[in-house]
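Me: Please show me the structure. I would like to ask why certain words are used for its parts.

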Amino acid sequence: HQQTWQEVCLVISKDEKTGCSKTLAINRPMAFKLSESLGRLVLLGASYQAEGFGPMVNSQESDGIETQNIVKFLSVFENECGVYVGGPDDMDKPAQMIHGIDGLEGAVEISPGTGIYQGGIEAAMNGILAGKYKPLDFRFFIGHTSYVGGELDDAVKMAKYQPVACSRPLVLKQCIQLPKPLWHEVLEFCGGELKERPRREKSLTD
């Protein structure tokens, strides 16, 4: 319960036939600057050395490609980079990048009409280097939460989660020194009974 307290999640995929879903917690900030080790984790994942990366190539060539990728990534995001813990599953895999840039090469809209996109890291780096984008136009999520067999729907029925309409500005907002927690802000936008929950919770903890 402590790990999911006031958690705001974005559903990035759902298969209606199998009931499998994936969500990202969007209000669990991890870092806003990159060290080299964190940059490697975000770009390549912790399992890079163990599992290999892409096709089998000469080890020296592979090391060179890896070094070039890391150097470029750090040159773009080292001083400003929104990194979040997206969930407990696949935390050893490369981070997932979320943004609101339509037409970014390699990016895919998470759901038609949302204006929220996933992927396109190479085009993002090139765009930032060209001055077209800013580093904080992008959010990186390490890990996610996977649900199988309708588990997410069951969690909703048990009132563990409350589905709300997807708000593009809130999803893309970096959680950096917000005047109020994102969980509070989302519920206030919902209005009605949901709007009163943060106040009731605060009265119980005072």
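Reply: Start with a definition: strands are DSSP runs of E of at least two residues, numbered from the N terminus. The model here is a predicted one. Asn 27 sits in the loop between strand 2 and strand 3 (29-31).

Me: Why is Asn 27 called buried?
Reply: Buried means under 20% relative accessible area. Asn 27 has a relative accessible area of 12%, so Asn 27 is buried.

Me: What makes the pair formed by the backbone oxygen of Gln 6 and the side chain of Asn 27 a polar contact?
Reply: The cut-off for a pair of N or O atoms is 3.5 Å, and within protein one must be able to donate a hydrogen and the other to accept it. The backbone oxygen of Gln 6 lies 2.8 Å from a polar atom of the Asn 27 side chain. A polar atom of that side chain is also 2.9 Å from the backbone nitrogen of Val 8.

Me: Which residues is Asn 27 in contact with, leaving aside its neighbours within four places in sequence?
Reply: Contact means heavy atoms within 4.5 Å. For Asn 27 the residues are Gln 6, Glu 7, Val 8, Cys 175, Leu 182 and Trp 183.

Me: How do you know that strand 2 and strand 9 pair?
Reply: Two strands pair if DSSP finds at least two bridges between them. Strand 2 (residues 21-25) and strand 9 have three bridges, in the antiparallel sense. Ser 146 in strand 9 is the bridge partner of Lys 22.

Me: What is the order of the strands in the open sheet, and which are the edge strands?
Reply: The three strands run in the order 1-2-9, with antiparallel pairing. Strand 1 (9-14) and strand 9 (145-147) are the edge strands, because each pairs on one side only. On average, neighbouring strands of this sheet are turned by 25° against each other, direction ignored.

Me: What makes a set of residues a nonpolar core, and which members of the largest one touch the most others?
Reply: The members must be buried residues of certain kinds, Leu, Val and Phe among them, joined through side-chain atoms within 4.5 Å. The largest core has 25 residues, and those touching the most other members are Leu 34, Val 42, Phe 73, Phe 77, Leu 104, Phe 138 and Phe 140. Helix 1, helix 3 (59-77), helix 4 (121-129) and strand 8 (138-142) each supply at least two residues. The largest share, five residues, comes from helix 3. Another core, of 18 residues, lies apart from it, and includes Leu 10, Val 171, Leu 182 and Leu 187.

How values were computed: Residues numbered from 1 in each chain as written. Predicted model: local features only at pLDDT ≥ 70, side-chain atom pairs only at ≥ 80, totals over all residues. Heavy atoms only, no water. Helix = DSSP H or I, 4+ residues; strand = E, 2+ residues; numbered from the N terminus. Axes fitted to C-alpha atoms, helices over the stretch in contact; angles between N-to-C directions. Buried < 20%, exposed > 50% of the residue type's maximum accessible area, 1.4 Å probe, protein only.
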